[in-house]
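Me: I'm new to this one and I like to see the reasoning. Could you take me through it, question by question?

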Amino acid sequence: MAIIGSGPTALYCLKHILDHETVLIKDFQNITIFESGNKMGVGMPYNAETTDKYNLSNISSEEIPELTQPFANWLSIQDKESLKALNITSFPIDDSKVYSRLALGAYFHSQYNEIIHRLKRAGFNIKELINSPVTDIKVNNKSVTLVSQKINYFFSKVLISTGHHWKDVDKPSTGYFATPWPISKIIPKNTEYYNFEIGILGASLSAFDVVTSLAHRHGEFSTTKEGLKYRLYEDAKGLKFILHALNGWLPHLQYEQIEPFRKIYRHTNREHILSLINDNGFLRIETFFDAVCRPALIKAFEKDKNIELQNLLSNDRFGCQQFIDTMAKNHTYIDSFKGMELELIKARDSVENDNPIHWMETLDDVMYCLNFHAELLSAEDHLFFKKEIKPFLMNVIAALPLDSAEILIALYKADVIDLIAGNVERIENLNTDKTTIEITTDKRPRQTKAYDMFINCSGNDNVELANYPFQSIVKSGIVSRAKAKFEGAHSINDLDQSIDRNHVVSIKNDLFLLTGGIEIDAAYRLLSTTGKVQPTIHNLSFTHTLGCRPYSYGLQACNATSSIVIQSWLSPEINEKSIVTPQIISKVYQNNKEL
């Protein structure tokens, strides 16, 4: 077996293989791991070559799925000098606290080494190849060929667990950076300072990584009775970070949870979900909202003592769209940073006094459930999810650590950061050394703005067929585009004018929406252009499979995805040559306590 990539998804694959070592060693005694970087078991977001000591992760030890040792326990046995290098200077170690990305990367590397050691002790032959990117995959009747460093390797099973992929390219001559990674490329030399506005596309966690890395190098923070303060260095006067976010939202903040781990069937069960499928074979989002989300959210808001939302949800006409609009309105402020300052008080109370915010946790759970049944959604609902639900979820659930919020508020009070709402388009082919963007909103005229430096932190790194990294299996038709069938439209003329016709295909008198990325079955195996399953290749990469699994993010999804794949090998109901459907894989969901 080959595993392409050695980040968190690969790490959890290895952990689940170890959990079932006595069975799996019979089929996969020889495992080769390909890593494009020079260090195994870290992952791009946590790698010292990519990130920075000031960048915080957004997950605490108690939320990290089990490996050989909890994160907080591992930190507790490290010496003070090692912890200082990871920007950990406050003690004791707390399993509810969020630590640096570098610390998490060091932990993953340690866990990787321990799991490899245990696999070898169990009798597996492990071959580790660093600096070995896989540049192509070819399939023949008997094996799968991987090409790396112009060498062919042959395997009977392949797991693709590559990480982030950016198709856009930097243009330093105009100050444009398609991604902030590696973050070292945007950090000035020791004797230099930026003293101009820096545009940042997105108000995501990676956007705040950029802000914190640059802010620490252009000024100093100090703790006072009034809270955290920030002062720019004299040479950096004029520096200001301008965040651009479509809705003008800043993320919700870290909150206390009753259950730190998501469960697919916490608020429903397999039989209930399958009973909601309509006569055309679809699980409609409104049906899911009414049957699963509504009762769960009513209970959550009751625990949160929010009578208003309980009453609204008790009205059948208050649907999914109305819920999103209402909750978004509650998070919408004339000044987003002042709003964050108000929310920080509630968030601190939640975390420090073990006061859970039940509705957020419940929403995450039910959407996690929907994600793992997303192949049942119609094209209409995929469009609705992408346009309405997902932006709201990413704002609510991608919770910002409280320490990061304090930094942002300090920068705002020092007039070093601002936020502009609106859709952003980059204007290209201008004869200038700046990056010019066009900003459009419903509330004000179109405007343009030019930046000496503009950093794209939108996180839009989804992979399509044209930039899929293994082109031989694209050309041979083994890989196909992810798609969903329209329920209410049978011809192009039936579609709403807002739907991009370039993302619509007609197959045998049915109309399909191209949902992005590649097509997989429920066991993450490739599906060909003719609809046949490729039993030898599983693709677990979130950036490749987002069209089929639109809400797969974070370490818990890495663990769940890995567990589903390994469990699919053990299930007697899964046939190598037959497509694994939600009806089949949901038995794995139901029987696996981790899921």
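Reply: Sure, here are the terms and the values behind them, keeping in mind that this is a predicted model.

Me: What makes the radius of gyration of the protein chain agree with a compact globule?

Reply: A compact globule of 595 residues would come out near 25 Å, and the protein chain has 24 Å, so the two agree. Along its principal axes, the C-alpha trace spans about 65 × 55 × 55 Å. The chain holds 18 helices and 24 strands.

Me: How many of the residues count as buried, and what does that take?

Reply: Buried means under 20% relative accessible area, and 54% of the 595 residues count as buried. As for the accessible surface, it comes to about 27,000 Å², with 48% of that belonging to carbon and sulfur atoms.

Me: Why is the pair Arg-217 and Asp-52 called a salt bridge?

Reply: The cut-off for nitrogen to carboxyl oxygen is within 4 Å. Arg-217 and Asp-52 have N to O at 3.0 Å, so the pair is a salt bridge. Arg-217 sits in helix H6 and Asp-52 in the loop between strands E2 and E3, so the pair ties together parts that are 165 residues apart in sequence.

Me: Why is Asp-52 called buried, and what is Arg-217 called?

Reply: Asp-52 has 7% relative accessibility, which is under 20%, so Asp-52 counts as buried. Arg-217 has 26%, which falls between 20% and 50%, so Arg-217 is partly exposed.

Me: How do you know that Glu-406 and Arg-348 make a salt bridge?

Reply: Their N to O distance is 2.8 Å, and that is within 4 Å, so the pair qualifies. Glu-406 belongs to helix H14 and Arg-348 to helix H11, so this pair links parts 58 residues apart in sequence. Glu-406, at 28% relative accessibility, counts as partly exposed.

Me: What makes Arg-446 exposed and Glu-438 partly exposed?

Reply: Exposed means over 50%. Arg-446 has 58%, so Arg-446 is exposed. Glu-438 has 23%, between the two cut-offs, so Glu-438 is partly exposed. These two residues also form a salt bridge, with the closest N and O atoms 3.0 Å apart.

Me: Which residues are joined into one network by salt bridges that share partners?

Reply: Those are Glu-259, Arg-262, Arg-266, Glu-361, Asp-364 and Asp-365. A search of the whole structure finds 33 salt bridges. The protein chain has 62 positive and 71 negative side chains, and the centres of the two sets lie 4 Å apart.

Me: Where are the cis peptide bonds at Pro-92 and Pro-182, and what is omega for each?

Reply: One runs from Phe-91 to Pro-92, with omega near 0 degrees. Pro-92 lies in the loop between helix H4 and strand E4. Another joins Trp-181 and Pro-182, where omega is about -10 degrees. Pro-182 is found in the loop between strands E10 and E11.

Me: What is phi for Asn-87 and for Asp-354?

Reply: Asn-87 has phi near 65 degrees, a positive value in a residue other than glycine. Asp-354 isn't a glycine either, and its phi is positive at about 50 degrees. Asn-87 lies in the loop between H4 and E4, while Asp-354 lies in the loop between H11 and helix H12.

Me: Why is Asp-354 called exposed, and what is Asn-87 called?

Reply: Asp-354 has 57% relative accessibility, which is over 50%, so Asp-354 counts as exposed. Asn-87 has 34%, in between the cut-offs, so Asn-87 is partly exposed.

Technical notes. Residues numbered from 1 in each chain as written. Predicted model: local features only at pLDDT ≥ 70, side-chain atom pairs only at ≥ 80, totals over all residues. Heavy atoms only, no water. Helix = DSSP H or I, 4+ residues; strand = E, 2+ residues; numbered from the N terminus. Rg over C-alpha atoms; globule rule 2.2 N^0.38 Å. Buried < 20%, exposed > 50% of the residue type's maximum accessible area, 1.4 Å probe, protein only. Areas by Shrake-Rupley, 256 points an atom, 1.4 Å probe, with all protein chains shown as cover. Lys, Arg positive; Asp, Glu negative; His and termini not counted. Charge placed at Lys NZ, Arg CZ, Asp CG, Glu CD. Salt bridge = Lys/Arg side-chain N within 4 Å of Asp/Glu carboxyl O.
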